Amino acid sequence: MTDPLDTPLAEQALALRQGALTAPALMQAALDRIAARDPGIGAVAYLDAGGAMQAAEAAQAALDAGEAVGPLHGLPLGVKDIVDVAGQPGTFGSASVDPVPAARDAEAVARLRAAGAIPLAKLVTYEFALTGPAWDQPHPPARNPWNGAHITGGSSSGSAAAVAGGLLRGAVGTDTGGSIRSPAAYCGVTGLKPTRGLVPAEGAFPLSPHLDCVGPLAATPAEAALLLEVMAGRPVTERLGQDPTGLRIGYARGWLEDAAAHPALLPALDDAVGLLSRLGMPVVLADLPPYAPYEEAASVILQAEALEVHAPRLAQHYDRYGRDARANLISGALLTPEDLAAARQVAKGLTAAMDAALAPFDVLICATTLGPALPFSAFEGGAVWTPMRTFPFNLTGHPAISVPCGLAEGLPLGLQIIGRPGEEARLCQIAQAFFEASLPLAPPLPPMPPRGQDSGAP
């Protein structure tokens, strides 16, 4: 019999409604899975086993009584540890924060809970979602389930690791420069950054308010669509399963040809685009604006706004911040108000240019990251920039989804699909069609790490 945790969320919900599965049994399966696998992954920062089981029992009582229930009724989910969950402590990945239980749910979590979901665990994150893996934080960085000596990407690191490792089918993440999509790519799962502002950010600790987005990571695009539909309060699943024939795809190959990409990346993307074409979607090379100005403008905005957010806390708790986080924040002090104003003005022009590049197409395609996950050993000297192609769409606000598109050195690669603002349903339609068609070509989930696997980290 298939473990219920290895079936999609919609199937879990149907089994609960039909009585083929009980909510307490599903919750116990999740707790057992976490106990067995998380010692080798390190994705969980806080586990609310008792509260989650009580919620599961209440969920089952409602089912037994024939009450109307939401689409996520009784389903366990995880939440990134910079997003508030009522009654659960959060550290935001920093020793500068005392882990006091949150008084209320973040708005995105409240919507998931109203649909019946049960927040089971807070999942580890890089410190304040700022930098990369470090070992002077309350929790060591999560390990990549495909190879524990490699990173998961940042900063929704625990969320991606938990889904890839099969601890949970879905989790909440945040994305300021790629922090949902890059860990999704590195861990071989789906990460969906919605249109800026579509999901309320209330209750998620800010990094850069003009770039931050809250969104889901999930085992499949269809499950990410279901979670986003609840978090956004608008239809996202309506196009799933519809024939994508005739949808126009712009392939941004030029953003990769001159980049320092892994040699396996372009062949994998070419193969992925070929598969999309065979699914009936004509593909044309897209002439995108140069990449560098997007990353430069977004970096200025991020660094300036992050320092503004953290300045009061830094003044009080400077010595409790990690080394890399301090260095990251202090770099924002070099920027002037004029620099920030100029970057925001540039962003307007870059957004218009991206809109124009997207206009002939239904979606754009490019890589999520320029290679597979780096080993922890690359970070022994401190933070290292991991090359991505995600930052522009935080700057412009366009929605983007990352799905697995192959392996390099035994580690996943990610395909990024970008759409017009508000067209998440279209993105998920194409992503799910690609995901289903590509399943025979590559394993969808990693081999499970042995209990207590050595990460190879310092």
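This note goes through the pocket, the cavities, the salt bridges and one database annotation of a predicted model.

1. The place to begin is the largest pocket, which holds about 560 Å³ of space. Its lining is made up of 28 residues, and those closest to the centre of the pocket are Leu130, Thr131, Asn328, Trp385 and Met388. When you turn the structure on the screen, these five names are a convenient way to find the pocket.

2. Which elements give two or more residues to the lining of the largest pocket? They are helix 10, which runs over residues 292–317, and helix 11, which runs over residues 323–330. Helix 10 supplies the largest share of the lining, and that share is 3 residues.

3. The position of the largest pocket can be reasoned out from the domains: domain 1 (4–286 + 353–437) and domain 2 (292–344) both give residues to its lining, so the pocket lies between them. As for the character of the lining, it has 13 nonpolar residues, 14 polar residues and 1 charged residue.

4. Cavities are a separate matter from the pocket. Rolling a probe the size of a water molecule over the atoms shows where empty space is left. In this model the count comes to 3 cavities of 30 Å³ or more, and the largest cavity has about 70 Å³ of space.

5. What lines the largest cavity? Its lining residues include Ile82, Ala129, Thr174 and Thr176, together with Ala201, Ala204, Phe205, Pro206 and Leu207, and also Asp212, Cys213 and Val214. Sorted by class, the lining of this cavity has 9 nonpolar residues, 2 polar residues and 1 charged residue.

6. Turning to charged side chains, the structure holds 14 salt bridges. Side chains of opposite charge can pair when their charged atoms come close. One of the salt bridges joins Asp3 and Arg33, whose closest N and O atoms are 3.2 Å apart. Asp3 lies in the segment before helix 1 (9–18), whereas Arg33 lies in helix 2 (residues 23–37), so the pair ties together parts that are 30 residues apart in sequence.

7. Arg33 also forms a salt bridge with Asp6, and here the closest N and O atoms are 3.3 Å apart. Because Arg33 lies in helix 2 and Asp6 in the segment before helix 1, this pair ties together parts that are 27 residues apart in sequence.

8. Are Asp3, Arg33 and Asp6 buried or partly exposed? Arg33 has a relative accessible area of 8%, so it counts as buried, the cut-off for that class being under 20%. Asp3, at 29%, is partly exposed, and Asp6, at 38%, is partly exposed as well.

9. A further salt bridge is found where the side chains of Asp105 and Arg113 meet, with 2.7 Å from N to O. Asp105 is buried, with a relative accessible area of 17%, while Arg113, at 36% relative accessibility, counts as partly exposed. Returning to the earlier residues, salt bridges that share partners join Asp3, Asp6 and Arg33 into one network.

10. Finally, an unreviewed UniProt entry carries the annotation "domain: Amidase", which covers residues 26–428. Over those residues the chain of the model is 36% helix and 15% strand, and the C-alpha atoms at the two ends are 26 Å apart. The name of the domain comes from the UniProt record, whereas the percentages and the distance are computed from the predicted model.

Methods
Residues are numbered from 1 along each chain as its sequence is written. This is a predicted model: local features need pLDDT of at least 70, side-chain atom pairs count only at pLDDT 80 or more; totals for chains, interfaces and linings use all residues. Side-chain values use heavy atoms; hydrogens and water are left out. On a 1 Å grid over the protein atoms alone, a cavity is a set of points where a 1.4 Å probe fits but cannot get out, and a pocket is an open set with protein on both sides within 12 Å along at least five of seven lines; lining residues have an atom within 4 Å of a point. Grid points are joined across faces, edges and corners, and a volume is the space filled by probe spheres set on the points. Helices (H or I, at least four residues) and strands (E, at least two) are DSSP runs, numbered from the N terminus. Ala, Val, Leu, Ile, Met, Phe, Trp, Tyr, Cys and Pro count as nonpolar, Asp, Glu, Lys and Arg as charged, and the others, Gly among them, as polar. Domain bounds come from an automatic or database domain assignment. A salt bridge is a side-chain nitrogen of Lys or Arg within 4 Å of a carboxyl oxygen of Asp or Glu. Buried means under 20% relative accessible area, exposed over 50%, partly exposed in between (1.4 Å probe, protein chains only). UniProt positions are given in the numbering used here, feature names are shortened, and annotations may be inferred rather than shown by experiment.
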